[in-house]
Amino acid sequence: MHIPKTAGTSMRLFLEMQYPDNEVCLDEGWHSLPSVDQLANKSLIRGHFQYNLRQVLPPEFKLLTILRDPVARTLSSLKHLQREATFAPEHALTKGRTMGQIIRIPEVMRTQRNIHAAYLCASTPPGPLLKTMRDKPYMGPTDLDAPATLDLACARLHEIDFLATVEELPLDLQSFCTHMNFHPASYFPFTNEAPNRQLDLTPEDHEILRAYNDIDLKLYEYAQKLIKLRRFEAAMKPLLANGTYQEMTGDFEIDLGGIVPGSGWHLPEREGSAVWRWTGPGDHFTLELPLSRACNHEVSMRFSAQPHFTEQDFQVAANGQSLSPTFSRHYQAHVVNFIIPRAAVEAGNGFCQLVFQAKAKIPPGDTRSLGVAVRHIGFTARDNGA
């Protein structure tokens, strides 16, 4: 699903090298596709098709798409529109104009509104769509669809088998090649790039661009979190499969004197039978472990009391979902409790990444950047009503 100006041309060239040429559909999109019958016996379909293409594909087909920062994508598309006379009929409206002028032309900008969401929300059946586009060649492939919504676009992101962003494409491409048994992309040049020209946009210009991408900006942020979650799952699955980790069920505690499953922790410290660990360096630390999807999980953390500590100094999220911790004092310790909803664990397919933020500091007489001194972490299984 090639969304315009999202490195799709580069990806198409790479994908075409993985299949015999007679198994590649060469149609560039709905406008050039004579019939859905053209898709029969093809192993690769690439081009400016929308999500509704899935309605006519066999269930075993994998769907791939790449997203891009929405404002950057829009500017790249407008530069292409101004540069190439054959790109779109609106080219004539952009000749001799600055970018600040172009983004104030409604006839041009209507073609740039929330393009990511429009592609993902496309639902018109391909048969009627092709017939209508033959009768009305000027019509766009999403013109028959209801207005795009953030909820539907986000839901369909979860149905995309391989999802990446232009900004971090090299980071995800290798895992995609491994998953698909493709030859690895040791060289992946970006083609069809717009010339790097200084645009001198004003704050008002940026606000206009953001307004035309109001849904896409939220969608892009959601996609970034989903991609990070998928990377986390991919890294954790082998550890579960080879027995390094087991799914944690029931009630349990994290052994602070052993191997802590996460990042951002200093070595354990001991005094008699007491064991604790400082978090750090930096403000963030994590716990990453497989959890049962059958219930909610209540987490209780205890760490040494600190002067001037406030609730705003401590935040936690589970698989990208912000949680609402409660705070109390117990003798010389802060106690933090929060619930990991079953749905958050389900979103990670049974893996849970807890990301904490606690303001770090360098105490007197210590060269380390320290967060909090954690003395206990306990998990308690709760039913869904807890």
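User: Which residues does Ile-377 touch, not counting residues up to four places away in sequence?

Analyst: Ile-377 touches Phe-252, Glu-253, Ile-254, Leu-256, Trp-265, Leu-287, Val-299, Ser-300 and Met-301, with residues up to four places away in sequence left out of the count, and contact here means heavy atoms within 4.5 Å. This is a predicted model, in which local features need pLDDT of at least 70 and side-chain atom pairs count only at pLDDT 80 or more, while totals for chains, interfaces and linings use all residues. Residues are numbered from 1 along each chain as its sequence is written, and side-chain values use heavy atoms, with hydrogens and water left out.

User: What makes a set of residues a nonpolar core, and which members of the largest one touch the most other members?

Analyst: A nonpolar core is a set of buried Ala, Val, Leu, Ile, Met, Phe, Trp, Tyr and Cys residues joined through side-chain atoms within 4.5 Å. The largest such core has 29 residues, of which Met-301, Phe-338, Ile-340, Leu-354, Phe-356, Ile-377 and Phe-379 touch the most other members. Among the elements that each supply at least two residues of this core are S9 (296-304), S13 (333-340) and S15 (373-382), where a strand is a DSSP run of E with at least two residues and a helix a run of H or I with at least four, numbered from the N terminus. The largest share, 4 residues, comes from S14. Apart from this core lies another, of 21 residues, including Leu-63 and Leu-226.

User: Why is Asn-114 called buried or exposed?

Analyst: The relative accessible area of Asn-114 is 5%, and buried means under 20%, exposed over 50% and partly exposed in between, with a 1.4 Å probe and protein chains only; therefore Asn-114 counts as buried. Asn-114 also has a positive phi of about 45° although it is not a glycine, and its place is in the loop between H5 and H6.

User: Why is Asn-181 called buried or exposed?

Analyst: Asn-181 has a relative accessible area of 71%, and this value lies over the 50% cut-off, so Asn-181 is exposed. Asn-181, too, has a positive phi, of about 60°, although it is not a glycine, and it sits in the loop between H9 and H10.

User: Where is the cis peptide bond that involves Pro-281?

Analyst: The cis peptide bond joins Gly-280 and Pro-281, with an omega of about -5°, and Pro-281 lies in the loop between S7 (274-279) and S8.
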